[in-house]
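Colleague: Could you walk me through one part of this model in detail? I'd like the open sheet, and whatever packs around it.

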Amino acid sequence: MNHAMRAIWLVLLTALMATQVEAQQLYKWVDKDGKVSYSDTPAPKDAKDVKQKGYSDNVTVTAEELPFSVRDAIKRNPVTLFANACGELCDKARALLNARGIPYADRNPETDPMAREVLKEATGGMPLPTLMMGQRIAKGFAENEWHEALTNSGYPRTNPGIRPKPVVAATPAPAAPAAPTPAK
């Protein structure tokens with residue numbers, strides 16, 4: 001298979017995988033040692049703080065609300081994160097994408113045969129985490145390299161379509177002192 005055909009094949013598979021995203025589930029939990037884990041299979045019975053989300057939950061606004069530049073980047077260079085419960089590196093990879101407000105498909109090649117095939121074809125192995133942006137590939141998590149690759153793929157450094165969540169004070173403000181009661 002020549003390079004051009006391989007690139008077309010990867011783009012088609014990535015697009016196909018992105019259409020399946022809404023039906024997929026992601027589980028997050030804390031194990032008995034305090035380690036945060038992500039998986040597309042349910043958490044073990046002894047897990048704490050179990051959360052179940054659809055893969056599409058990382059999209060914080062609808063497509064119509066996104067700026068044109070972001071919609072165009074999504075169309076030209078859809079983002080797929082190939083990761084599993086690999087610990088800190090995979091957690092940082094997801095956090096970077098979420099902080100930038102980038103919609104992405106989160107694929108686990110250990111449990112998803114199609115993701116495994118695409119990752120092996122694209123990289124020659126199974127390096128996790130791996131970020132695919134259209135035909136661009138970033139193997140292993142390196143924050144500066146990932147920022148540069150995402151920017152070069154058309155994604156803004158800060159996504160103006162993301163509405164920041166309100167900041168909630170960690171401790172309540174002290175109550176104002178009571179006004180003195182006038183003497184009678």
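**A close look at the open sheet**

Modeller: Let's start with Asp106, which counts as buried because its relative accessibility is just 3%. Keep in mind that this is a predicted model. Asp106 sits in strand β5, and its side chain makes a polar contact with the side chain of Arg94, at 2.6 Å.

Now look at the rest of that strand. Both faces of β5 are covered. In a regular strand the side chains alternate between the two faces of the sheet. Here Tyr104 and Asp106 go to one side, Ala105 and Arg107 to the other, and all of them are buried.

Next, zoom out to the sheet itself. It is an open one of 4 strands, in the order β5-β4-β6-β7, and the pairing is mixed. The edges are β5 (104-107) and β7 (136-139), each of which pairs on one side only. From one strand to the next the twist averages 15 degrees.

What makes it mixed? Strands of a sheet pair through backbone hydrogen bonds, either parallel or antiparallel. β4 and β5 take the parallel option, over 4 bridges, and within that pairing Leu81 has Asp106 of β5 as its bridge partner. So we are back at our buried aspartate, Asp106, with its 3% relative accessibility. At the other end, β6 (residues 130-133) and β7 pair in the antiparallel sense, also over 4 bridges. There, Met133 has Arg136 of β7 as its bridge partner.

While you're at β6, have a look at the loop leading into it. Pro129 is found between α4 (113-123) and β6, and the peptide bond joining Leu128 to Pro129 is cis, with omega at about -5 degrees.

Now for what lies on the sheet. Helix α5 lies across β4 (79-82), β6 and β7, and runs at about 15 degrees to β6. In the segment after α5 (143-152) you'll find Ser153. With 0% relative accessibility, Ser153 counts as buried. Its side chain reaches back to the backbone oxygen of Ala149, at 2.9 Å. Leaving out residues up to four places away in sequence, Ser153 touches Ala73, Arg76, Asn77, Met133 and Arg136. Two of those names should ring a bell: Met133 and Arg136 are the bridge partners we just met.

There's an aromatic detail worth a stop too. The structure holds 1 aromatic pair. It is made by Phe141 and Trp146, with ring centres 5.1 Å apart and planes at 75 degrees, so it is edge-to-face. Both Phe141 and Trp146 are buried.

Finally, to place all this in the whole chain: there are 5 helices and 7 strands, and from the N terminus on they run α-β-β-β-α-β-α-β-α-β-β-α. Buried residues make up 36% of the 184 in the chain, and the accessible surface comes to about 11,300 Å², with 56% of it belonging to carbon and sulfur atoms. If you count contacts between residues at least 6 apart in sequence, 60% of them join residues at least 24 apart.

Key
Residues are numbered from 1 along each chain as its sequence is written. This is a predicted model: local features need pLDDT of at least 70, side-chain atom pairs count only at pLDDT 80 or more; totals for chains, interfaces and linings use all residues. Side-chain values use heavy atoms; hydrogens and water are left out. Helices (H or I, at least four residues) and strands (E, at least two) are DSSP runs, numbered from the N terminus. Buried means under 20% relative accessible area, exposed over 50%, partly exposed in between (1.4 Å probe, protein chains only). Contact means heavy atoms within 4.5 Å. Accessible areas come from the Shrake-Rupley method with a 1.4 Å probe; for residues, only the protein chains shown count as cover. Rings of Phe, Tyr and Trp (its six-membered ring) pair if their centres lie within 6.5 Å; planes under 30 degrees apart count as stacked, over 60 as edge-to-face and the rest as tilted. A polar contact is a pair of N or O atoms within 3.5 Å; within protein, one must be able to donate a hydrogen and the other to accept it, and residues adjacent in sequence count only if both atoms are side-chain atoms. Two strands pair if DSSP finds at least two bridges between them. Axes are lines fitted to C-alpha atoms, for helices over the stretch in contact, and angles run from 0 to 180 degrees between N-to-C directions.
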